[in-house]
Amino acid sequence: MEQGPLAITPARTLRAELVAVLAGADRDSFETAPVDALDLRLEGLPGDRHAGFTRRASGREPWYPRGEEIRSGRQISIVSAEELEEIGRAMGVGPIEAGWIGANLLLCGLPRLSFLPAGTRLFFAGGAALVVEAQNVPCRHAGRAVSRRTERPGDELTFPKAARRLRGLVASVERAGHVVPGSEVRVRLPEQWIY
């Protein structure tokens, strides 16, 4: 089988603004709320439900038995203001709040944040660096949280459909550091190609 030429897109750097940082009240809390700052550690956000170097496999990893211990690539949840507005429009409500769906970081200036490829690195002024692992797939759990806030029971099912490929990203902490709202974020996309 003959293969055509391989198209390679060079690495590049984008800029965004960190609009808000959010944390849950405790490990049992799905929703998050704005805080003044976050201290990210290599294991994630201390006290957060997704903190840790490992986690249990779920329906998101059908190639592993449920409950099997695997490396965590879901330490931090990142969303964009632009995509939350788009989800809200698709649902016929105002913008979805980042905390309703358990986000830790809200960025502005990256309208297609959810399409940043795995391996993208985000560098924060306080020294922290994150590595994008994957898109965050919308689920009914987040839909239930949105439905409680909009007071529209059908939104539990509407949200996962409206948020498909707009739900943001999950990332792991590559370098510990302090993050505060209002600071610039350097976004380093890796060289890309399609296999």
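Trainee: Is the crossing in which α1 passes α3 left-handed or right-handed?
Mentor: This is a predicted model, where local features need pLDDT of at least 70, side-chain atom pairs count only at pLDDT 80 or more, and totals for chains, interfaces and linings use all residues. Residues are numbered from 1 along each chain as its sequence is written, and side-chain values use heavy atoms, without hydrogens and water. Look at α1 (81–91) and α3 (155–162), both DSSP runs (helices H or I, at least four residues; strands E, at least two; numbered from the N terminus). Where α1 passes α3, the crossing (clockwise turn of the near helix from the far one by less than a right angle for right-handed, anticlockwise for left-handed) is right-handed.

Trainee: At what angle do α1 and α3 pack, and how is α1 described relative to α3?
Mentor: The axes (lines fitted to C-alpha atoms over the stretch in contact, with angles from 0 to 180 degrees between N-to-C directions) lie 9 Å apart, and the angle is about 130 degrees. On the scale used (under 35 degrees roughly parallel, over 145 roughly antiparallel, 65 to 115 roughly perpendicular, the rest oblique), that makes α1, relative to α3, oblique.

Trainee: Which residues of α3 do Ile87, Ala90 and Met91 meet, and how many residues of this contact are nonpolar?
Mentor: In contact (heavy atoms within 4.5 Å), these α1 residues meet Asp155, Thr158, Phe159 and Ala162. One residue of the contact is charged (Asp, Glu, Lys, Arg), one is polar (the others, Gly among them), and the nonpolar ones (Ala, Val, Leu, Ile, Met, Phe, Trp, Tyr, Cys, Pro) number five.

Trainee: Which helices are among those covering the buried residues of α2?
Mentor: Helix α2 covers residues 140–150, and its buried residues (under 20% relative accessible area, 1.4 Å probe, protein chains only; exposed over 50%, partly exposed in between) are Ala142, Gly143, Ala145, Val146, Ser147 and Thr150. Their cover includes α1 and α3.

Trainee: Where is Glu151 found, and what is its relative accessible area?
Mentor: Glu151 comes just after α2, in the loop between α2 and α3. Its phi is positive, about 60 degrees, although Glu151 is not a glycine. Glu151 is exposed, with a relative accessible area of 68%.

Trainee: Which residue in β13 stands opposite Phe124?
Mentor: Strand β9 (residues 121–124) runs antiparallel to β13 and is joined to it by four bridges, where pairing needs at least two DSSP bridges. The covered face of β13 (residues 184–189) holds Val185, Val187 and Leu189. Opposite Phe124 stands Val185.
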